[in-house]
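Here are my notes on this model, point by point. Please read them with the structure open.

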Amino acid sequence: MVGAGFMGAAHSQGWRVAPRFFELPLAPQMSVLVGRDAARTSEAAECWGWTESATDWREVVARDDIDVVDVVTPGDTHAEIAIAALEAGKHVLCEKPLANTVDEARRMAAAAESARARGIRSMVGFTYRRVPATTFARDLVASGRIGEVRQVRAEYLQDWLSDAEAPLTWRLQKERAGSGALGDIGAHAVDLTEYITGQRVTRVSGVLETIVSERPVLAASSGLSGSAGSERGAVTVDDLALFTGRLDSGALASFEASRFRTGRKNALRIEISGSRGTLAFDLERLNELELYDATEPESEQGFRRIYVTEPSHPYVGNWWPTGHMLGYEHGFAHQAKDFVEAVGSGEDPRPSFADGLHVQSVLDAVSRSSDADSVWVDVD
Ligand code: SOE
């Protein structure tokens, strides 16, 4: 695994736990953790259960005893590492968004396609597809439970940047992250919409906004969580993305991605309105799915809460008895399980790098729309 930050911790939990709750065709070995700082990476390897630690990803990717490379670094290194790993014949799992630009994503998808011909598998890590409620929602839409999809509202709302003095970390720098809320969390809203509805976003119109344009720079010696010095740096990404998307069927979807929504901590929400009913999901209540069935007798209609913890629900049966809820981390165990099952059975995992390229193209289109200032009409 290359990367030792927040996603390094989350993916490590997934790799550690998946073989203990799911019958896997292959046994993942947590062999080497690669990070930039030797001491911190060695500590993390020890803590998270990796056999070795290293600081040179090129050397590790070239090793014959390495079969899989899990890329959990910031977006500016996804392309270089994933392409090198694919060309070295390693299966690759890469965190979202696939890349920082469409050009990088195209090169990654091309490398994945040629590696696929050699039996090499690759997947991009949109883990919210692996929450039982979202796969169950997808199944319900596919079965016609809510009829024809008429309208979608998808939003990912956080507030960890609403404090203007929150420091300038890598997610706020274009050269590291590619974009701000748009790629960091808007990518999840786009991918989840397409996953649940089974439709692609084909056209967009939108606006990107930077709300706080400069922030304190973390003093290098203070590490990531230390106190900020007096120096300030420019925020070079969006804080808020608002956009409309046209789906394959012609239905319209509205999207919001914000890290300034004070009080909303990790609210990835989607509501799909159909001709026979509506489905609504909120990651802050990830064990629940709301269903409104418009075919019930009018006097009895209302949103009901489905508690998605039955053994018959996706993934749930491998954990606890009915009613014993899951959490954020379980999506990473499900992701590891799905990836290993695909590699073991010689199938191509979803979402593929081609799926990741499509999401990147949607994000790029929103950015071009915002630059073209195409959404605004002056009010007389
Ligand atoms: C920060 O916004 C973040 O960690 C994202 O980078 C993740 O993709 C999301 O799942 C949670 O929030």
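1. Start with the buried area between the two domains. Domain 1 and domain 2 bury about 1200 Å² between them, and 57% of that comes from carbon and sulfur atoms. On the domain 1 side, Phe 21, Phe 22 and Lys 96 lose the most area to domain 2. Together these three account for 43% of what that side buries. Keep in mind that this is a predicted model.

2. Now the bounds. The domain assignment puts domain 1 at 6–124 and domain 2 at 129–326. Taken over C-alpha atoms, the domain centres are 25 Å apart. The contact involves 12 residues of domain 1 and 16 residues of domain 2.

3. Which polar links cross this interface? The rule finds 2 salt bridges between domain 1 and domain 2. There are also 4 residue pairs in polar contact between the domains, counting pairs with both residues at pLDDT 80 or more. As for the make-up of the domain 1 side, it has 7 nonpolar, 2 polar and 3 charged residues. Helix α1 (residues 6–21) gives the largest share of that side, with 3 residues.

4. Lys 96 deserves a close look. It pairs with Asp 184 in a salt bridge, with the closest N and O atoms 3.3 Å apart. Lys 96 is also among the domain 1 residues that lose the most area to domain 2. In addition, a polar side-chain atom of Lys 96 lies 2.9 Å from an oxygen atom of the ligand. The peptide bond between Lys 96 and Pro 97 is cis, with omega about -20°. Pro 97 sits in the loop between β4 (91–95) and α5.

5. What surrounds the ligand? The residues are Phe 6, Lys 96, Tyr 128, Tyr 156, Gln 158, Trp 160, Arg 171, Asp 184, Ile 185 and His 188. Both members of the salt bridge between Asp 184 and Lys 96 appear in that list. Two further side chains should be checked against ligand oxygen atoms. Arg 171 places a polar side-chain atom 3.0 Å from an oxygen atom of the ligand. For His 188, the corresponding distance to an oxygen atom of the ligand is 2.9 Å.

6. Next, salt bridges in general. The count by this rule comes to 31. One to inspect is Arg 121 with Asp 348, where the closest N and O atoms are 2.6 Å apart. This pair links distant parts of the chain, 227 residues apart. Arg 121 is in the loop between α5 (102–116) and β5 (122–125), while Asp 348 is in the loop between α9 (330–345) and α10 (353–371).

7. The loop between α9 and α10 also holds Pro 351. The peptide bond from Arg 350 to Pro 351 is cis, with omega near -5°. Please view this bond alongside the cis bond that joins Lys 96 and Pro 97. Most peptide bonds are trans, and most residues other than glycine have a negative phi.

8. One backbone angle remains. Tyr 315 has a positive phi, near 70°, and is not a glycine. Its place is the loop between β15 (304–307) and α9.

Methods
Residues numbered from 1 in each chain as written. Heavy atoms only, no water. Domains from an automatic or database assignment. Contact = heavy atoms within 4.5 Å. Buried area = accessible area lost by both parts, 1.4 Å probe. Salt bridge = Lys/Arg side-chain N within 4 Å of Asp/Glu carboxyl O. Polar contact = N/O pair within 3.5 Å; in protein donor to acceptor, adjacent residues only side chain to side chain. Helix = DSSP H or I, 4+ residues; strand = E, 2+ residues; numbered from the N terminus. Nonpolar A, V, L, I, M, F, W, Y, C, P; charged D, E, K, R; others polar. Near = heavy atom within 4 Å.
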